[in-house]
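Me: I am new to this structure and should like to understand the reasons behind the terms used to describe it. May I ask about them one at a time?

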Amino acid sequence: MIKKWAMAGLLLCLVAQTGWAQKRASDESDKANMAAPKQFVTEHSGRFNGKSISYQVVAGETYIRDDEGQPTASFFNVAYLAKGGAASKKRPVTFLFNGGPGSASLWLHMGAFGPKRVVVPSDAKDDGAPPYPVVDNPDTILDVSDMVFIDPVGTGYSRALGEKSNADFYGVRQDADSIAAFIHQWISDNGRWNSPIYIAGESYGTLRMGPLLDALGGRRHQIGVNGVMLISAVLHYQNSRFNQGNIMSYVSFLPTYAATAWYHDQLPQKPENLEEFLDEVRDFARNDYATALIAGTRLDPQERQRIISKLHAYTGLKTDWLDKANMRIQVFRFFKELMRDDRQVVGRLDSRYLGEEPDAVGEFYETDPASASIGNAYVAAISDYFQTDLGVRMDRPYFASSPDAFRKWDWKLGDRAPNGGRFINVVPQIGQAMRYNKDMRVLVSAGYFDFATPFFGAENALSEVGLVPERIHYDYYRAGHMMYLHDESRDQFLKDIRAFIEEGAH
């Protein structure tokens, strides 16, 4: 009987060892069969900010790996590296990404920072049909910093690998951790551990910045960051989400309503100076208006009428409409209401854009006129640029926007999702990064006509305690969410970015 049990145990041991050996062999086979990252390297030269620069472009894949060294995702990225011998290793390197969540980096790449840019109408008109002009961009910042454009997993050509799926990276924390792993891998591969590090994010890319800084500064990576550029910032959703009981969204959007009404000549009396006008509206919003909204049903009837009259003066909306709306202007209603008598709606991403719809009595617009007016040009331009200039040939489709990231996104930050994730707030993480890194500075770039991420919302978020105000700088533009769509704003925007990086060198 003992011999039988011993024999059974021996057989089980042999089976287990055989299974382990087979799994190891399978893992090694998978690792061996996994294709090496594709790289497309080209040499270029150009004149940027008055300086002649020779540079290399490395477009291709960078694999991030788990603790066992197995690849978990392929990050497609485009790196612009100025040539300069050993000194080039000490040049700043700026990592750039867009938002979404679920957007590739083509907007910043082909709109502002790349050495080539696509031309769309500066006066908020539709981009029409191809061909779209793609021109040299002498204002790019390649004279002061190398650049790496990042497409998060599920966007561009970036995809999950091995047993991972794209959805495994769809989440506030998951996304940020993967971007941190990419930055770690890229600076290791390129010997840039002692280069000044800057990170530029647009839209959701600014919300990503909080958990990303947390991940980079943690024990796993221990990467210091010199500067953060928050382009069209959204950092605390309480300032931009119209949920029942939340008054901060109404307060934070009011200056953008005023700027839009000013631009389209919808105010009862139009002030000459936009900036001075917006300072007045800001003061009213955070004092009288916020107090009135907090008062609710306790508000004195006379004070209510005074507030409504002020809202009419600042937005151009009719007083009876404001009264029926209980002084609360929901942004999607504003798009339709501001110019209803003209049968026009204003844009969300950029309220300079106008659309005309067949239904002039509806409450909400059928689509964002700004989004509908620019997307085709950018997708065509980046696709042609990859193939024609950079020689990129990939065996999978390019996604300017992920087909499913937003729908599957996990909004939890850590173990909890405040208010169902609707009021996610990454300001504490940015504040902590500033407090524990005396050299980290923050640049906030905002468009006055941006309803996706209202500029006053960013100001309110960055006024929370725990930050270092003297290291936060704000720049404003007479444009929308993508301020680089407007020629004058783009020129100034790139000058401001360049000055921010140069200031860090002194």
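Reply: Certainly. This is a predicted model, and pLDDT is the predictor's confidence in each residue, from 0 to 100. The chain averages a pLDDT of 92, and 91% of the residues score at least 70.

Me: Which pLDDT and how many contacts beyond near neighbours in sequence does the model give residues 1–8?

Reply: Over residues 1–8 the pLDDT is below 50, and the stretch has zero contacts beyond near neighbours in sequence. Residues 10–16 likewise stay under 50, with zero contacts beyond four places in sequence. Where pLDDT is low, the predicted coordinates should not be read in detail.

Me: Why does Arg173 count as partly exposed?

Reply: Buried means under 20% relative accessible area and exposed means over 50%. Arg173 has 22% relative accessibility, and therefore counts as partly exposed. The residue lies in helix α3, which spans residues 172–189. Apart from neighbours within four places in sequence, its contacts are Pro211, Asp214, Ala215, Lys412, Leu413 and Gln429.

Me: What makes strands β13 and β14 a pair?

Reply: At least two bridges between two strands are required. Strand β13 (residues 441–447) and strand β14 (residues 472–477) have six, and they run in the parallel sense. Within this pairing, Gly447 has Tyr477 of β14 as its bridge partner. Between the two strands the chain passes through helix α13 (residues 455–461), in a right-handed β-α-β crossover.

Me: Why is the pair of Phe242 and Tyr250 called edge-to-face?

Reply: Rings pair if their centres lie within 6.5 Å, and planes over 60 degrees apart count as edge-to-face. The centres of Phe242 and Tyr250 are 5.2 Å apart and their planes stand at 70°, so the pair is edge-to-face. Both residues are buried. Phe242 and Tyr250 also belong to one aromatic cluster, whose members include Phe253, Tyr257 and Phe451.

Me: What makes Phe284 and Tyr314 an edge-to-face pair, and which helices hold them?

Reply: Their centres are 5.4 Å apart, with 65° between the planes. Phe284 lies in helix α6 (residues 274–295) and Tyr314 in helix α7 (residues 301–315), so the pair ties together parts that are 30 residues apart in sequence. Both Phe284 and Tyr314 are buried.

Me: How do you know that the charged end of Arg441 is within the distance limit for sitting over the ring of Phe500?

Reply: The distance limit is 6 Å from the ring centre. The charged end of Arg441 sits over the ring of Phe500, 4.1 Å from its centre. The charged end of Arg282 sits over the ring of Tyr476, at 5.4 Å from the centre.

Methods: Residues are numbered from 1 along each chain as its sequence is written. This is a predicted model: local features need pLDDT of at least 70, side-chain atom pairs count only at pLDDT 80 or more; totals for chains, interfaces and linings use all residues. Side-chain values use heavy atoms; hydrogens and water are left out. Contact means heavy atoms within 4.5 Å. Helices (H or I, at least four residues) and strands (E, at least two) are DSSP runs, numbered from the N terminus. Buried means under 20% relative accessible area, exposed over 50%, partly exposed in between (1.4 Å probe, protein chains only). A crossover is right-handed if, with the strands pointing away from the viewer, the path from the first strand over the helix to the second runs clockwise. Rings of Phe, Tyr and Trp (its six-membered ring) pair if their centres lie within 6.5 Å; planes under 30 degrees apart count as stacked, over 60 as edge-to-face and the rest as tilted. A charge sits over a ring if NZ of Lys or CZ of Arg is within 6 Å of the ring centre and within 35 degrees of the ring normal.
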